[in-house]
Amino acid sequence: MTQTTNDTIVACATPAGYSSIGVIRASGEEAIRYAETIFTRQADQPLESNRAYFGEVIDPTTQEIIDKVVVTVYRAPHSYTGEDVVEIACHGNPLIIERILQAVIKTGARIAQRGEFTKRALLNGKIDLLQAEAVLDTVYAPCDEARKIAIAQYEGKLSEQVEHLRSGIFDLLVTINAAIDFSEEQDIEVNSESTDAKISSLIDRVTTWLNDSQSGIKIKEGYRILIMGRANVGKSTLFNRLLGFDRAITHETPGTTRDYLEDTVALGGLYLILYDTAGMLGKATGVDQQAQERTMQLMEGADLILLMFDGSEPMNEQDVNLYNITKHQPTIMVVNKVDLNLRMHAPDILKDCVKISAKSGHNIEALVDTIRSELLPVFNTNQPIITRERHRQSLEDIRKDLQRAREAPTTETMAYELRAALDVCGELTGKIINKEILDRIFDEFCIGK
Ligand SMILES: Nc1nc2c(ncn2[C@@H]2O[C@H](COP(=O)(O)OP(=O)(O)OP(=O)(O)O)[C@@H](O)[C@H]2O)c(=O)[nH]1
Ligand SMILES: [Mg+2]
């Protein structure tokens, strides 16, 4: 698989705005020649690979010094893209970055498209499609668990597993093809128990993998956590405490929160989408009733409920109601206001609860630990889990193809289904290029990656 266009591209690899350092990256056949044109340094030897040089960037038209920079050179194929790559680390001022970009463009480069550096890495065989996606996931990992998975995928662990599956299917296809070729001369029984068992074992492998996929996607996209409880128990105070800033209004008057509030935070290595809800007020009417209906709607999609009680007051009917409503969903009981005298008498709840003070922050770490252990799944496999809908869909397709192969009436149809499964494996890793899939993936990238 080789790259057809190797014109030289350039882009800023660091975010817009002021920073200590900004990095401009160029890749392509002429990248080093362009760098030589605009870069001056004391010792004027040719730029060597894997070395950094201190010097100045000069505007090729006016000969004016734009900035003092460090230039690093990576010669093909030992670079991110597999092409000649030059990285210019300048001062992180948007004006300087723009001037240097323009200087490189004046020498003949063009601005890169979204993800074009990574796309070139893919097309030059430096990484496969799963790894290209993992690059994106590494850059945007919203929490530590997502980062761990992204790095494992970037290292190629997921690709290895897909390759392992692919070769299992391929071996089977070879046996079956041989049987088709020789079936007229020899009596080869294809639909034998052993073929059936082999396909079944491949299906089982894909199924185990798929069972973990929902968790993989959740780790990346976030767990929905609903803070529930009767009015005034301290839901908004906890919401603010977990977020680390005063997002919600809190007040001693019951019924402060009406419309639910939503915000995200990384806690305990997980990415959480937190919801602060309206307090349950017993027989509510009008706006209060609508607010409570919304809470009930949110409950349906919640991955975890934090059901809060006010430890400084006896339990009342609404607490019991909420306890009954939520008991069939994953729930953590949270008894709040333990900085005050404990007046709640509910042995069942107190046995299993986390006792906190949302106001002072007491025991919030224990609550985060409990949230983590409730949510973080025990994976069925050691193999890197999948984190994208595209992966999940492909595995579903492979499973269907394998199931059809197992039930195939003839050897020919069995071979046909196995070939279809192989094609999906190829699309998954990018061995088979599907332009639509590529465009969709690289559209998610930023320019400069
Ligand atoms: N002593 C003490 N007071 C708390 C604690 N947590 C919250 N409060 C107080 O309890 C009152 C209600 O807190 P909120 O966070 O607004 O309660 P809420 O559950 O969101 O209330 P609604 O939105 O009305 O349902 C406020 O005066 C808080 O300061 C706590 O841990 N200890
Ligand atoms: Mg509130």
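Student: Which helix gives the most to the lining of the largest pocket?
Tutor: Happy to start there, with a reminder that this is a predicted model, in which local features need pLDDT of at least 70, side-chain atom pairs count only at pLDDT 80 or more, and totals for chains, interfaces and linings use all residues. Residues are numbered from 1 along each chain, chains are lettered from A and ligands numbered from 1 as written, and side-chain values use heavy atoms, without hydrogens or water. A pocket is an open set of points on a 1 Å grid over the protein atoms alone, where a 1.4 Å probe fits, with protein on both sides within 12 Å along at least five of seven lines; lining residues have an atom within 4 Å of a point. With 3 residues, the top contributor to this lining is the helix (a DSSP run of H or I, at least four residues) called H8.

Student: How many residues surround ligand 1?
Tutor: A residue counts if one of its heavy atoms lies within 4 Å of the ligand. Lys235, Thr237, Gly255, Thr256 and Asp339 are the closest, and the full number is 23.

Student: Which side chain has an N or O atom 3.1 Å from an oxygen atom of ligand 1?
Tutor: A polar contact is a pair of N or O atoms within 3.5 Å. Ser357 offers one such side-chain atom at 3.1 Å, and so does Asn336.

Student: Taken alone, ligand 1 exposes 650 Å²; what percentage does the protein bury?
Tutor: Accessible areas come from the Shrake-Rupley method with a 1.4 Å probe. Of the 650 Å², the protein buries 92%.

Methods: Polar contact = N/O pair within 3.5 Å; in protein donor to acceptor, adjacent residues only side chain to side chain. Helix = DSSP H or I, 4+ residues; strand = E, 2+ residues; numbered from the N terminus.
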